[in-house]
Amino acid sequence: MIREHQTTPFPDQKPGTSGLRKKVRVFSQPNYAENFVQSVFDVIEGKQGATLVIGGDGRFLNREVIQVAIRIAAAAGFARIVVGRGGILSTPAASNLIRLRRALGGLILSASHNPGGPEEDFGIKYNIANGGPAPEKITDAIYARTRAIDVWRAVDAADIDLDTDGETQVGDATVEIVDPVADYAALMERLFDFPAIRAAKLTMAFDAMSAVTGPYAHEILENCLSFAPGTVRNGTPLPDFGGHHPDPNLVHARALYDLMMGPDAPDVGAASDGDGDRNLIIGRARFVTPSDSLAMLAANAHLAPGYKDGLKGIARSMPTSAAADRVAERLGIPAYETPTGWKFFGNLLDAGLATICGEESAGTGSDHVREKDGLWAVLLWLNILAATGKSVDQLARDHWATYGRNYYARHDYEGVESDRADALMAELRGRLATLPGARFGDLTVETADDFAYTDPTDGSVSEHQGVRILFAGSSRIVFRLSGTGTSGATLRVYLERYEAERVDEDTTAMLGQIAAAADEIAGIVRHTGRDHPDVVT
Ligand code: VG1
Ligand code: CO
């Protein structure tokens with residue numbers, strides 16, 4: 001039996017860079033999750049008889065929202081609902097499952113790298129049939145629907161057992177509980193040379209950060225690839241990620257960083273985030289920035305079986321450094337520059353224009369799914385190290401000797417009052433026309449603009465995607481506000497400087513002048529009242 005539940009709209013259900021993210025106490029309000037899930041289903045077509053995939057990163061509220069979503073999906077006409085056992089699916093594994101099962105789409109329950117627990121964050125994201133995040137056209141329609149919704153419908157049924165593989169009926173829908181790891185592990189085994197990785201006998205520390213990649217890493221790294229037991233650390237997903245931020249950067253994966261800089265470092269250090277789509281790569285005494293990692297993976301991808309025929313193109317988000325563009329140029333393939341967020345890569349991948357994509361925020365992936373993929377990046381690194389016999393440090397040095405180096409850092413100012421952050425961006429946008437020709441220390445502004453993107457496949461336009469200041473000599477500053485936070489605003493300032501010859505310098509020193517120029521241009525201290533960033537990555 002389907003029951004109708006009267007409701008009223010919430011005004012704040014606008015999806016951000018990657019789905020709807022809110023504090024758990026916001027999501028726990030009566031009707032809050034129900035309204036959003038129903039709004040998704042009200043907007044998408046073709047539900048009758050279709051398949052839906054549901055899974056999440058195991059954070060606080062995951063199981064409860066899955067039970068609700070199953071009942072609403074069954075009422076909406078889905079015939080089959082495929083759910084990861086225990087409610088677990090990493091974001092890339094969910095993307096793979098959507099494609100494999102020819103599902104209409106999927107609900108991924110995660111707030112990714114944001115912390116979890118009763119006082120922290122939860123999120124819901126809808127992915128479409130290609131396995132990728134819904135494009136803006138759809139997220140805008142979902143938002144519009146959340147503003148008008150007055151009823152949600154659910155099959156009147158009890159919670160189902162999420163922990164036992166097999167099928168259950170909920171109304172007219174069949175709910176299928178599946179192994180969250182098996183299909184994904186099989187895909188990785190097709191793409192990479194597992195025997196060569198085994199034979200290389202590399203040592204590694206992988207920090208799953210008490211988040212979703214634990215079960216995937218245990219199976220793939222320790223069971224399939226024979227890395228020593230204990231290679232995977234923090235390998236059990238916890239609802240509050242052990243009280244940490246599951247964000248694989250130098251601040252939140254500090255223990256891994258310290259290990260890799262110390263005398264007992266293994267060959268490779270790696271980590272992934274809450275939902276398994278980000279990656280951190282650290283060699284022995286060598287941190288690789290995500291922008292460099294994208295370039296190095298693209299330059300060497302042909303060494304892995306899945307990419308032996310080469311790449312069709314490389315795409316990066318606008319704030320990501322231009323290191324990958326130099327690789328594309330040398331390979332004679334196109335380079336694409338998109339707004340921040342994986343949803344902008346989907347069309348390029350579907351159209352066969354790009355094979356590898358990446359973001360400065362530790363996201364790298366390829367056309368094997370339609371999400372960024374943390375373990376995929378780790379495995380591609382391992383495959384390349386095994387095929388070349390080089391260390392991470394050697395590979396990085398050889399890369400810079402060939403291409404030059406893009407020194408790069410991102411400065412985050414977190415929890416800034418929204419009004420003050422908005423004022424900073426508005427003032428900056430107002431000044432853009434006056435900047436070309438202006439000098440800041442040794443730096444001369446060449447161009448300054450507000451990035452707009454026209455999708456080459458469907459012509460859709462996305463404006464106001466970040467302010468770019470380009471200096472003579474290809475140094476660059478980008479300013480934008482985060483679209484994934486749940487309190488206040490986060491100002492992101494991206495600093496970049498290219499050097500063809502001087503490739504072995506200290507990043508902070510190399511970026512000092514550019515950082516000073518960023519404050520002078522945008523008035524960061526004046527607007528935010530902060531004299532240093534909260535996080536530097
Ligand atoms: C951030 C990153 C962006 C990434 C997004 C989702 O967005 O900058 O590159 O795609 O998070 O990543 P924003 O709007 O806060 O800058 V994940 O791993 O949190 O889904
Ligand atoms: Co993520």
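# Briefing on a predicted model with one ligand shell

Around ligand 1 there are 18 residues, of which Thr-17, Ser-112, Ser-482, Gly-483 and Thr-484 are the closest, where a residue is near a molecule or strand if its C-beta atom, placed from the backbone, lies within 6 Å of it. This is a predicted model, in which local features need pLDDT of at least 70 and side-chain atom pairs count only at pLDDT 80 or more, while totals for chains, interfaces and linings use all residues. Residues are numbered from 1 along each chain as its sequence is written, and chains are lettered from A and ligands numbered from 1 in the order in which they are written.

**Ligand shell and Ser-112**

- The shell around ligand 1 is made up of 1 nonpolar, 12 polar and 5 charged residues; here Ala, Val, Leu, Ile, Met, Phe, Trp, Tyr, Cys and Pro count as nonpolar, Asp, Glu, Lys and Arg as charged, and the others, Gly among them, as polar.
- Ser-112, one of the closest residues to ligand 1, sits in the loop between strand S5 (105-109) and S6, with helices (H or I, at least four residues) and strands (E, at least two) taken as DSSP runs and numbered from the N terminus.
- Ser-112 counts as buried because it has 28 C-beta neighbours inside 10 Å; the cut-offs are 20 or more other C-beta atoms within 10 Å of a residue's own for buried, 12 or fewer for exposed, and in between for partly exposed, with C-beta atoms placed from the backbone.
- Although Ser-112 is not a glycine, its phi is positive, at about 55°.
- Most residues other than glycine have a negative phi.
- Met-209, in the loop between S10 and helix H8 (213-224), also has a positive phi of about 55° without being a glycine, and it counts as buried with 31 C-beta neighbours inside 10 Å.

**Annotated spans**

- An unreviewed UniProt entry lists residues 13-149, 183-282 and 291-403 for "domain: Alpha-D-phosphohexomutase alpha/beta/alpha"; UniProt positions are given in the numbering used here, feature names are shortened, and annotations may be inferred rather than shown by experiment.
- Residues 13-149 are 38% helix and 23% strand, and the end C-alpha atoms of this span lie 11 Å apart.
- Residues 291-403 are 45% helix and 14% strand, and the end C-alpha atoms of that span lie 13 Å apart.

**Helix H5**

- In helix H5 (residues 136-146), the buried residues are Thr-139, Ile-142 and Thr-146.
- These buried residues lie on the same side of H5 because they cover an arc of only 55° around the axis, the arc being that of the directions from the helix axis to the C-beta atoms.
- An α-helix has 3.6 residues a turn, so residues three or four places apart point the same way.
- Helix H2 (32-43) and strand S6 (121-128) are among the elements that cover the buried residues of H5, where two residues are in contact if their C-beta atoms, placed from the backbone, lie within 7 Å.

**Strand pairing**

- Strand S1 (residues 2-6) and S7 run antiparallel and are joined by 5 bridges, and two strands pair if DSSP finds at least two bridges between them; Glu-4 stands opposite Arg-153 in S7.
- Strand S7 (residues 151-155) has Trp-152 and Ala-154 on its covered face, whereas Val-151, Arg-153 and Val-155 form the uncovered one.
- An open sheet of 5 strands follows the order S11-S10-S12-S13-S14 with mixed pairing.
- Strand S11 (232-233) and strand S14 (286-287) are at the edges of that sheet, each with a single partner strand, so one side of each has no neighbour in the sheet.
- Within this order, strand S10 (residues 204-207) runs parallel to strand S12 (residues 268-271) through 4 bridges, and the bridge partner of Met-204 in S12 is Val-268.
- Strand S15 (residues 314-317) directs Ile-314 and Arg-316 one way and Ala-315 and Ser-317 the other way, and all are buried.
- S15 runs parallel to strand S16 (residues 335-338), joined by 4 bridges, with Glu-337 in S16 as the bridge partner of Arg-316.

**Helix H16**

- Gln-513 is in helix H16 (residues 507-522) and counts as partly exposed, with 17 C-beta neighbours inside 10 Å.
- Not counting residues up to four places away in sequence, Gln-513 touches Gly-441, Asp-442 and Leu-443.
- Ile-521, also in helix H16, is buried with 21 other C-beta atoms within 10 Å, and it touches Phe-440 and Ile-469, not counting residues up to four places away in sequence.
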